[in-house]
Each structure stands twice: as C-alpha cells, then as structure tokens.
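Here is a short tour of a protein model and its bound ligand, written with the bench in mind. Have the structure open as you read, and turn it as you go.

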Amino acid sequence: MSVMTPPGIKSSGDYIEEVLATVKAKNPAEPEFHQAVQEVLDSLRLVLQRHPEYRSAKILERITEPERVLMFRVPWFDDRGEIQVNRGFRIEMNSAIGPYKGGLRFHPSVNLGILKFLAFEQVFKNSLTTLPMGGGKGGSDFDPKGKSDNEVMRFCQSFMTELSRHIGPDTDVPAGDIGVGGREIGFLFGQYKRLRNEFTGVLTGKGLNWGGSLIRPEATGYGCVYFAAEMLKTKKDTLEGKLCLVSGSGNVSQYTVEKLLQLGAKPITWSDSDGVIFDPEGIDREKLAWVMELKNVRRGRIREYADKFKKAVFMPTDIKLDHNPIWNIKADCAFPSATQNEIKKRDAENLLKNGCKLVAEGANMPSTLEATKVFLDAKILYGPAKAANAGGVATSGLEMSQNSQRLSWSREEVDDRLHKIMIAIHKNCFETAEKYGTPGNLVNGANIGGFLKVANAMLDQGLV
Ligand code: NDP
C-alpha cells in the first residue's frame, strides 16, 4: 500500500528534527529515551526520502509512542515484617510483528525513561532477529542486591500479581535483564501459574525442567561473540589471540568470556558497579567458573577476584575520574556488557588510542551518541547493541517456539540456530548499510533493517 505525499512537504532532515523535538517535549526528563530515538531517526534520512509513504502514514510519530504504558505499585513485606513499596512498569511499545517481547530489569536506577529507551530499542532488535516478536520492556526500581531469597520471592510475587493481568503467551512475554536471572524468573513464573491456573510460555529464561531452553542463559554473550566473529570475517580476521576487554560480571559478561575462550581470544577484564578488575595473565576457564560461583551463587562483589588471583588488579569506582579505567587498557577488542552509557566520548578515544579495532555491544546502548560517533568516524568494526546482543531475545524466541510445540531441542540444535541467526543479522546490517549509501556503518544497517520490517507491517495493518 502506498499513500501520496502531500505537496510542499519538508525535507526528511527537517521532518526528523520536528519529530525529535516533539518526542523531547512530550517525554520530558527522559534523556535515555531521547538518545535512543535520536540514534534511530538519524539513520532514517535516506529511507524517508526513498519512501514518502512512511511520512504520510506518520510512522515516526507512531513508532515513538508506546502502544501502552503500565505503571503500578508493588507492596511487599521485608524480613523484619516492615512494609516496602516499589514501583513496577511494563512498556508495551510495538506489536506490529508479534506479541510484545523484552526483558524485566530490577535495579534502583530504573525509571520510566530508561524502560522506554529499552523498549524502543527492543522493537528494532526483535525485528532484526527474523522472528515474529514485537517490542516491550519492564521492571522495577527494586534492588535485589543484599535481599534474602525470601524477600526477592515476596517482591516477585507482588510484582506478578499486577503484571499477570497484562501479559500472556500471545500478548506479552517478558524475560530477564539486569537483576532478573533464573531465580527471579522462577518466582515470577510460579506466581503467574498460581494466579491464572495455566502452565504456559508466558516468560522466557525459564528453568530447563519447566519449559526453559538450553542455551538461553548463554545466548546473549555467545551471540555477541558470534557477531564479533562475523565482523572480523569481513576483514579476513578472527578472534584467535585477540586481547579483549569485557565489562560487567553478570549473565552477558560471563558467557561472552566463555565464548571468547572457546574461540581462542584472551579476555582480561571484569567489572561491577564497585570497580574494575584487570587480569594481565588473562581469564581462563577456572577463573570464569570461580566468577560464576561468586556472582550467581554467593552473590558477591568482583573485588574479591583480586584477593583470589594475586596477579589481578582491582580499581575501585571513582566518580571524580573523567573516564572509566576499563576502557583505558590496551586491547584489540571491547565487549561492553554492563549497562547503558558506560562508554563516553573520552573512553571511546582511549580505546582507539590503545589500538582497539572492534567494539561489540553486549549491553544495551552502552555507548553515548558522542562515543558512537568516535567509533564510526574512525571506521573501526562497531557492532551496535540492537544487532550484536540480539542473540538473547532470538533464543527467547526459540524458547517460545519449543513451548508452543511442547518440545525441547538439543543444545547443539539451539546453538546452531543462534549462530545462524547472528550470521543473518550481521548480513542484513552489512548489506543494508551498503544499500543505503553508508558501507560498513552497522548502526545505520541495524536501524534501517530493523525499522523497515516494522514500518511495513504498520502500513499493512492500517491506523492502529
Ligand atoms: P546482570 O544483572 O546479570 O549483570 C549486570 C552487570 O552489570 C553486573 O556486573 C552489574 O554490577 C553491572 N552493572 C549494572 N548496572 C551498573 C551500573 N549502573 N554501573 C556499573 N555496573 C553496572 O545483567 P545482564 O548481564 O543480563 O545485563 C547486562 C547488560 O546486557 C544490560 O545492559 C542488559 O540490558 C543487556 N542485555 C541483557 C540480555 C540478557 O539476555 N540478559 C539481552 C540483551 C541485552 P552490579 O552487580 O554491581 O550492579
């Protein structure tokens, strides 16, 4: 379907500026959301010139407005019997190509703007996976750190009591994100089942013996490394022997390190919000197993690594520093895998100064707009989050398929499908960047590739 462009319409650049100004005015004090929208819209100039029908159908105005935003009270009792009150959210951003899909984040920094940025990114990421999934995101300002298992359970049960009214296997299928791992998904699933009397694939990231998929915990990290390998392939290079910086020490970081080791690379860093570990000897399988126990079982802090492994150095977080020391360590590749905006302009410059030739983003929007520009101007291999970390949600999509069929695929089968999806995402981004006049710019490739599928579905479905 195509719609005529009215005469006297502004250039695509002016149109984009106008939409961006409206987004900022309508969503004040949400800088992360503005940043995510700006990055996508900046990529769409040529698309809008070639396709006036998107403008007449007001696709940009519609795609930047969530279909639904839920915000709710989450009251719960702590172990002392005191009442605690948190805020819960679910942003149902876009369902043009499938049910809403995206993680839940439990972290004290969570607010509406952060979740809107994550939900917006998710729409394009899910589109890139080739699977039929819309975009959503949710969570709470609840901090699981320092809470007992019982407190986490009571919080999750209260959170799900409200959320259960709005989700379902064909409506909205949440998963994990920062602060939401296997333990939390278990408590959330248990409460949903109890309230609805239904055993169904309403969440992904489930335990293996109750509907989960093999490789789902590994998927984001593995997928990010597969994506990095594809980028290197275009330069006839591999990860073998490459020194790699990995930030964070949670789910994405752990499996990024595991896959890097499998492919012969040498990861040398970890971090958490308290500081950075630099291990000049390299992280090996035993050290990785120790970190997994530290973080996933003992729920300890990464500084303990330097007590255990004497050659490693711990650099505590110093808010007075104008840069993050992890990005000032000499390396070939960087895998930011902690949180948004962890690479600022100065950090990007430090990475380049030290010879870094590849950045693959495991975290969501870890680079600021200024840092992204530094990477693009330098023409290094730069894999933006919505492409490079799409393996997590892609494997969630595979978990949904298995649930619908009531089947479980083998580890090899899921890993093989994940690998093929990452190759396809890279190919789509690479070819789209070329087709739209910016060869090698995978930011444009990912934004345009993700956008086209969703925008066309929106055109087909009329004004909804
Ligand atoms: P985890 O909770 O397992 O780990 C998060 C890690 O990042 C921890 O080491 C945490 O340290 C650190 N971190 C979080 N916030 C901050 C902060 N403000 N400053 C410094 N360090 C911080 O989460 P995931 O590994 O699942 O997620 C990491 C990133 O990957 C996020 O951006 C997430 O959105 C993204 N992602 C995750 C996917 C998944 O499948 N899990 C899928 C796609 C993207 P601390 O313990 O001190 O908070």
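Let's begin with a charged side chain: that of Lys386 makes a polar contact with the side chain of Glu39, at 3.0 Å. The Lys386 side chain also makes a polar contact with the side chain of Glu121, at 3.3 Å. Keep in mind that this is a predicted model. You will find Lys386 in helix α15, which covers residues 385–388. Is Lys386 buried or exposed? Its relative accessibility is 2%, and the cut-off for buried is under 20%, so Lys386 counts as buried.

Another charged residue worth a look is Glu151, in helix α7 (residues 149–163). With a relative accessible area of 11%, Glu151 is buried too, because that value falls under the 20% cut-off. For a sense of scale, Glu151 and Thr234 are 83 residues apart in sequence, and their C-alpha atoms are 49 Å apart in space.

Now to the ligand. How many residues surround the ligand? There are 24, and the closest are Asp177, Thr220, Ser273, Arg301 and Asn364. By class, this shell has 14 polar, six charged and four nonpolar residues. Helix α9 (216–233), helix α10 (251–262) and strand β8 (269–272) each supply at least two residues of the shell. Both domain 1 (68–200) and domain 2 (219–383) contribute residues to the shell, so the ligand lies between them.

Three of the distances to ligand oxygen atoms are set out here.

| Residue | Atom on the protein side | Distance to a ligand oxygen atom |
|---|---|---|
| Asp177 | polar side-chain atom | 2.6 Å |
| Arg105 | polar side-chain atom | 2.9 Å |
| Gly362 | backbone N or O atom | 3.5 Å |

Taken alone, the ligand exposes 880 Å², and the protein buries 83% of that area.

Away from these polar contacts, there is a nonpolar side to the story. In soluble globular proteins, nonpolar side chains tend to be buried together. Here the largest nonpolar core has 54 residues, and those touching the most other members are Trp270, Tyr305, Phe335, Leu358 and Ile425. Which helix gives the largest share of this core? That is α9, with nine residues. Domain 1 (68–200) and domain 2 (219–383) each provide at least three residues of the core.

Helix α9 is thus a handy landmark when you turn the model: α9 supplies at least two residues of the ligand shell, and it also gives the largest share of the core.

Technical notes. Residues are numbered from 1 along each chain as its sequence is written. This is a predicted model: local features need pLDDT of at least 70, side-chain atom pairs count only at pLDDT 80 or more; totals for chains, interfaces and linings use all residues. Side-chain values use heavy atoms; hydrogens and water are left out. A residue is near a molecule or strand if one of its heavy atoms lies within 4 Å of it. A polar contact is a pair of N or O atoms within 3.5 Å; within protein, one must be able to donate a hydrogen and the other to accept it, and residues adjacent in sequence count only if both atoms are side-chain atoms. Accessible areas come from the Shrake-Rupley method with a 1.4 Å probe; for residues, only the protein chains shown count as cover. Helices (H or I, at least four residues) and strands (E, at least two) are DSSP runs, numbered from the N terminus. Ala, Val, Leu, Ile, Met, Phe, Trp, Tyr, Cys and Pro count as nonpolar, Asp, Glu, Lys and Arg as charged, and the others, Gly among them, as polar. Domain bounds come from an automatic or database domain assignment. A nonpolar core is a set of buried Ala, Val, Leu, Ile, Met, Phe, Trp, Tyr and Cys residues joined through side-chain atoms within 4.5 Å. Buried means under 20% relative accessible area, exposed over 50%, partly exposed in between (1.4 Å probe, protein chains only).
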